[in-house]
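Please open the model in your viewer and keep the selection panel at hand. The stops below each begin with something to select and then say what is there.

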Amino acid sequence: MRSTLWTPTIVVVALLAGPAFAAATAGRSGPAASQADPIASPAPVLTREEMEQFLLTAKVLKTKSVSKGVTKARQVSMSDGRITHDAQIQDVNIEKAIFEVSPKHTEINFKDLFRYNIAAYRLSRLLGLDNVPVSVERTVDGKPAAVTWWLDDVAMEEGDRVKKKIEGNSLRRRNYQAVMIVFDELIQNRDRNAGNILWSSDWRLWMIDHTRAFRLGKELRQPKALTICDRALLERMRELTRPALAEAVGKSLTGAEMDALLSRRDLIVKLFDERITARGQGAVLIALN
């Protein structure tokens, strides 16, 4: 895990109008006990569009915590005069021809980029997913950065769940984990770990921190892990076009990164189609919600 756990403070001045959108959107991991505090103020109920606008325009009031991780992400308090809410600011922008990720792993053409957080959010929306945090690009302190909505309803990190042997809603947990496996294969995420998998109190799995994703590899890394898939997600991937992808992600991905993603998409869809032929839809396709 590349960051410490922080405790957000949320003060509601007024609620913005709009249809309800789950406030459990993750900007970065936070400790379960503090976020489950029953005396805390209720979180604002905003649409994702309203969250985006807030993150783009609200004033940064103060920095509350700074990560000890290599990306130096920081938790801040923001306000637009109507609501005050926390966000994560991450401006990491590292590119290296060769990088020793760990003593046993060296990566060629290594990238650790804030813009991938934005790309992951925009792609998740395009695919109909609701468990990647709202993230926008904004210049902060003179540097372009990903500004990401902070999660209001963290129950635990995946590491804590495993350590404490908490099963929860087993079927819902299995289905969300399956979606994560497919999504990470699609974006070729190189840094999914227990610290960037969060569970909210309704057993929704939130995928955070995608700064080491969207590699240029066109092959699948772990095809054997792709055993089941959400039916709606598979159809959205099948229908995904280059123009639609480009419009959705904007400048958060390069042309080469989009091409690699679509090549992986083709392999994922082909793999699941083959599994469905061999085993039947009932054994392969699930319904997330």
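**Starting at a strand pairing**

Select Ser-77 and look across to E4, where Asp-86 stands opposite Ser-77. This is a predicted model, and the tour begins with E3, the strand to which Ser-77 belongs. Now turn to the other partner of this residue, since Ser-77 of E3 is also the bridge partner of Lys-62. Extending the selection to whole strands, you will find that E3 pairs with strand E2 (residues 59–66) in the antiparallel sense over six bridges, and that six bridges likewise join E3 to E4, again with the strands running antiparallel.

Before leaving E3, colour its residues by accessibility: is the strand mostly covered or mostly open? E3 is mostly covered, with six of its six residues buried. Arg-74, Val-76 and Met-78 point one way from the strand, whereas Gln-75, Ser-77 and Ser-79 point the other way, and the residues of both sets are buried. Then follow the chain into the hairpin of E3 and E4, which has three residues between the strands, and select Gly-81, whose phi is positive and near 95°.

**Helix H2 and what covers it**

Select helix H2 (residues 48–57) and show the side chains of Glu-50, Met-51, Phe-54 and Leu-55, which are the buried residues of this helix. These residues lie on the same side of H2, because they cover an arc of only 135° around the axis. The pattern fits a general property of helices: an α-helix has 3.6 residues a turn, so residues three or four places apart point the same way. If you now show the surroundings of this buried side, what covers it includes strand E3 (74–79) and strand E4 (83–90), together with strand E7 (135–140) and strand E8 (143–149).

**Tyr-121 in helix H3**

Next select Tyr-121, which is found in helix H3 (residues 115–126). Is this residue buried or exposed? Tyr-121 counts as buried, because its relative accessibility is 1%. Leaving out residues up to four places away in sequence, Tyr-121 touches Arg-48, Glu-52, Val-132, Pro-133, Val-134 and Ser-135. If you draw a distance between C-alpha atoms here, Tyr-121 and Val-134, which are 13 residues apart along the chain, are separated by 6.0 Å.

**Two residues with positive phi**

Move to the loop between E7 and E8 and select Asp-141. This residue has a positive phi of about 55° although it is not a glycine, and at 70% relative accessibility Asp-141 counts as exposed. Then select Phe-214, in the loop between strand E11 (205–207) and E12, where phi is again positive, near 55°, in a residue other than glycine. Phe-214, however, counts as buried, at 1% relative accessibility.

**Asp-230 and a distant stretch of chain**

Follow the chain from that loop to strand E12 (residues 229–230) and select Asp-230, which is buried, with a relative accessible area of 10%. Which residues is Asp-230 in contact with, once its neighbours within four places in sequence are left aside? They are Val-179, Ile-286, Ala-287 and Leu-288. For a backbone view of this spot, select Leu-285 as well: its C-alpha atom and that of Asp-230 are separated by 5.7 Å, although the two residues are 55 places apart along the chain.

**The largest pocket**

Now display the surface and select Met-180, Ile-181, Asp-184, Glu-185, Gln-188, Asn-189, Arg-190, Asp-191, Arg-192, Arg-221, Gln-222 and Ala-225, which line the largest pocket. The volume of this pocket is about 250 Å³. Colouring the lining by class gives three nonpolar, three polar and six charged residues.

**One more hairpin, then the whole chain**

Select strand E5 (residues 93–102) and strand E6 (residues 105–113), which pair in the antiparallel sense over eight bridges. A hairpin joins E5 to E6 through two residues, and along the pairing Phe-99 stands opposite Glu-107 in E6.

Finally, clear the selection and view the protein whole, with its nine helices and 13 strands. Of its 289 residues, 52% count as buried. Among contacts between residues at least 6 apart in sequence, 74% join residues at least 24 apart.

Note on methods
Residues are numbered from 1 along each chain as its sequence is written. This is a predicted model: local features need pLDDT of at least 70, side-chain atom pairs count only at pLDDT 80 or more; totals for chains, interfaces and linings use all residues. Side-chain values use heavy atoms; hydrogens and water are left out. Buried means under 20% relative accessible area, exposed over 50%, partly exposed in between (1.4 Å probe, protein chains only). Helices (H or I, at least four residues) and strands (E, at least two) are DSSP runs, numbered from the N terminus. The arc is that of the directions from the helix axis to the C-beta atoms. Contact means heavy atoms within 4.5 Å. On a 1 Å grid over the protein atoms alone, a cavity is a set of points where a 1.4 Å probe fits but cannot get out, and a pocket is an open set with protein on both sides within 12 Å along at least five of seven lines; lining residues have an atom within 4 Å of a point. Grid points are joined across faces, edges and corners, and a volume is the space filled by probe spheres set on the points. Ala, Val, Leu, Ile, Met, Phe, Trp, Tyr, Cys and Pro count as nonpolar, Asp, Glu, Lys and Arg as charged, and the others, Gly among them, as polar. Two strands pair if DSSP finds at least two bridges between them.
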